[in-house]
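Trainee: Got a minute? I'd like to go through this one with you.
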Amino acid sequence: MSGAGKSTISGLLEQRLRDAGARVELLDGDVVRTHLSRGLGFSKEDRDENIRRIGFVCELLSRNGVIAIAAAISPYRAVREELRSRIPNFVEVYVECPVPVLAERDVKGLYKKALNGEIKQFTGISDPYEPPAAPEVTIHSSQETAEESADRIWATLERLGLVSFDRSALAHQRI
């Protein structure tokens with residue numbers, strides 16, 4: 001949901017991948033809405049179309065050897081599952097955070113307005129958010145730092161064989 005830490009965690013992961021020599025692109029939901037999905041509103045159909053567009057770009061990038069990170073609000077499970085079926089090595093990261101914490105973090109006051117009924121179709125308040133059924137990683141951003149979250153995602157990517165870490169250099173170090 002908005003303010004959960006998706007962009008911050010994704011930025012850390014992107015840098016770590018770049019530092020490891022990977023070709024990587026970060027598709028931030030706010031940036032995509034400005035450029036790729038301009039003109040879309042916040043109806044269910046428009047939200048689905050926004051996520052499909054992001055997924056299409058991720059599919060193109062990954063097909064060409066580029067790691068694609070999508071940091072976007074994706075409220076509906078069905079569209080996420082549709083993209084999972086099309087994109088090889090799809091890894092779903094659920095960044096969970098309780099609404100009261102999100103409202104505390106919200107410098108723009110969007111949650112306050114949404115909770116007061118001033119903003120319609122606000123994900124998790126007046127519009128549904130369907131948590132993933134079986135994400136590869138669940139991050140509890142109210143309980144861990146962004147760095148810890150990025151480390152947990154990296155560990156999952158290692159476990160899945162999608163990234164590797166050369167431990168041989170560590171074997172030669174004396175402690």
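Mentor: Sure, we'll take the fold and then the ring contacts. This is a predicted model, where local features need pLDDT of at least 70, side-chain atom pairs count only at pLDDT 80 or more, and totals for chains, interfaces and linings use all residues. Residues are numbered from 1 along each chain as its sequence is written, and side-chain values use heavy atoms, with hydrogens and water left out.

Trainee: How many helices and strands are in the protein?
Mentor: Eight helices and four strands. Those are DSSP runs numbered from the N terminus: helices are H or I with at least four residues, strands are E with at least two. Along the sequence the pattern reads α-β-α-α-β-α-β-α-α-β-α-α.

Trainee: What radius of gyration does the protein have?
Mentor: The value is 17 Å, which agrees with the figure near 16 Å for a compact globule of 175 residues. The radius is taken over C-alpha atoms, and the globule rule is 2.2 Å times the number of residues to the power 0.38. The C-alpha trace spans about 60 × 35 × 30 Å along its principal axes.

Trainee: And what share of the residues is buried?
Mentor: 35% of the 175 residues. Buried means under 20% relative accessible area, with a 1.4 Å probe and protein chains only.

Trainee: Switching to rings. How many aromatic pairs does a search of the whole structure find?
Mentor: Two. Rings of Phe, Tyr and Trp (its six-membered ring) pair if their centres lie within 6.5 Å; planes under 30 degrees apart are stacked, over 60 edge-to-face, the rest tilted.

Trainee: Why is the pair of tyrosine 94 and tyrosine 129 stacked?
Mentor: Because their planes are at 15°, with the centres 5.9 Å apart. Tyrosine 94 sits in strand 3 (residues 93-96), while tyrosine 129 is in the loop between helix 6 (110-115) and strand 4 (137-140), 35 residues apart. Tyrosine 94 is buried, at 16% relative accessibility.

Trainee: What about tyrosine 111 and phenylalanine 122?
Mentor: Their planes are at 80° and their centres 4.9 Å apart, so that pair is edge-to-face. Tyrosine 111 belongs to helix 6, and phenylalanine 122 to the loop between helix 6 and strand 4, eleven residues apart. Both are buried.

Trainee: Which ring does the charged end of lysine 44 sit over?
Mentor: The ring of tyrosine 76, at 4.4 Å from its centre. The test is NZ of Lys or CZ of Arg within 6 Å of the ring centre and within 35 degrees of the ring normal. Arginine 33 lies over the face of phenylalanine 42, 4.2 Å from the ring centre.

Methods: Buried means under 20% relative accessible area, exposed over 50%, partly exposed in between (1.4 Å probe, protein chains only).
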